[in-house]
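Q: I am new to this structure and should like to learn how its features are read. May we take them one at a time?

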Amino acid sequence: MGLIETFHITQRERTERITFIHLRPEDLALLGELQPLMEKYVDAIVEAFYVELLGHSEPRSFFAEESTLRRVKAGQRAYLLSLFSDELDDAHFELRLRIGQVHERIGLPLKWYVSSMANFFERIVTVIEFQAGLPSERLLTAVLALNKMMNLDLQLALESYASLSARVRSLGQQLQSTTAALNQAVKADKQNDE
Ligand code: HEM
C-alpha cells in the first residue's frame, strides 16, 4: 500500500486542497514553463542552501557522513524541480509524504523543516525575479503559484510527520500498559507462591 492510501489522500481530497488554495491550471502551466530555468539554477540554489544550513550546529549534526549529504542534495534537487512540473500525479503526492516521513524518522525538529521551505522559497523567487524576464503581472502569478505549491507540500509533509509521531506515542502508551499488566501478573504470581 502506498503512502497516498495510508494517509487517505484520495482524488477528492486532493481536488479539495488544490481548489481551496486556488492552485489553478494556469499556475501549473506557468511553473512548467519555468522548469528549464530552474534546471539551470537548481544546483546553485541547493549548494547555497547547504552552505547556510550547515553553518548551524543542530542541522549540521544530521550530516556526519559526507555520503548522506551527497544523497540528500540529490533528493533536494529532484524535489525542487518537481515544484515546476505541470502534473500533480500520484508520484508527486507520494514523494511529499515520503519526505515528511524521512524527516520524522531522523528526528529533524519541525522548525528546521518549515524554515527550510521559506529559505528555498526566497532563493527560488530571486532567480525567477532576476532571470525569468517575466512582466510584473506574470512574475506575481509565478510567485503566488510557487507559494501555493509549497503550501500544498508543507501540508502533506506535516501530516506525515504528525501521524508518525502519533503512532509512536500510541505504541509507547501500549508498551507502558503492557509492562504495567506484566508487572501486576508477576507480582500476583509471587504472592500466590508465598
Ligand atoms: C525544504 C525542506 C526539505 C526538503 C524538501 C528535504 C528533502 C529531502 C529528501 C527528498 C530526502 C530523501 C533523499 C533520499 O532520497 O535519500 C531527504 C533526506 C534527508 N534530509 Fe531533508 N529535506 C529538507 C530539509 C532538511 C533539513 C533542514 C535537514 C537537516 C537539518 C534535512 C536532513 C535530511 C537527512 C539527514 C536526510 C537523509 C535521511 C536518511 O535517509 O537517512 N532535510 N530530505
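A: Let us begin with a single residue. The model is a predicted one, and glutamine 11 has 9 C-beta neighbours inside 10 Å. A residue with 12 or fewer such neighbours is classed as exposed, so glutamine 11 counts as exposed.

Q: In which helix does glutamine 11 lie?

A: Glutamine 11 lies in α2, which covers residues 11-20. This helix is hardly covered, for the count of buried residues among its 10 residues is zero. As for distance, the C-alpha atom of glutamine 11 is separated by 29 Å from that of arginine 138, a residue 127 places away along the chain.

Q: What is phi at histidine 22, just after α2?

A: The general idea comes first: most residues other than glycine have a negative phi. Histidine 22 takes a positive phi of about 60 degrees. Its place is in the loop between α2 and α3, and it counts as exposed because it has 10 C-beta neighbours inside 10 Å.

Q: Where is histidine 8 found, and what is its phi?

A: Histidine 8 is found in the loop between α1 (3-6) and α2. Its phi is near 55 degrees, a positive value in a residue other than glycine. With 9 C-beta neighbours inside 10 Å, histidine 8 also counts as exposed.

Q: How should one read the burial of residues along a helix, and which residues of α3 are buried?

A: An α-helix has 3.6 residues a turn, so residues three or four places apart point the same way. In α3, the buried residues are Asp27, Leu30 and Leu31. Seen down the helix axis, these fall within an arc of 100 degrees, so they line one face of α3. On the other side of α3, Pro25, Glu26 and Ala29 are exposed.

Q: Which members of the largest nonpolar core touch the most other members?

A: The core has 23 residues, and those touching the most other members are Leu31, Leu34, Ala142, Ala145, Leu146 and Met149. Helices α3 (25-33), α4 (35-53), α7, α8 and α9 (136-193) each supply at least two residues of this core. The largest share, eight residues, comes from α9.

Q: Which residues does leucine 146 touch, leaving aside those up to four places away in sequence?

A: Leucine 146 touches Leu31, Leu83, Phe121, Ile124 and Val125. One of these, Leu31, is also among the buried residues of α3.

Q: How is the surrounding of the ligand described, and which residues come nearest?

A: One may ask which residues form the shell, what kind they are, and which elements supply them. Of the 19 residues around the ligand, Pro59, Phe62, Gly75, Trp112 and Ser116 come nearest. The residues of the shell divide into 13 nonpolar, five polar and one charged. Helices α6 (66-82), α7 (90-106) and α8 (110-131) each supply at least two residues, and α6 gives the most, with six.

Q: What pLDDT does the chain average, and which element has the lowest mean pLDDT?

A: The chain averages a pLDDT of 91, and 95% of the residues score at least 70. Among the elements of the chain, α9 has the lowest mean, 84, whereas α4 has the highest, 98. A reader may recall here that α9 gives the largest share of the nonpolar core described above.

Terms used:
Residues numbered from 1 in each chain as written. Predicted model: local features only at pLDDT ≥ 70, side-chain atom pairs only at ≥ 80, totals over all residues. Near = placed C-beta within 6 Å. Helix = DSSP H or I, 4+ residues; strand = E, 2+ residues; numbered from the N terminus. Nonpolar A, V, L, I, M, F, W, Y, C, P; charged D, E, K, R; others polar. Core = buried A, V, L, I, M, F, W, Y, C linked by C-beta atoms within 7 Å. Buried ≥ 20, exposed ≤ 12 C-beta atoms within 10 Å, placed from the backbone. Contact = placed C-beta atoms within 7 Å. Arc of directions from axis to C-beta. pLDDT = per-residue confidence, 0-100.
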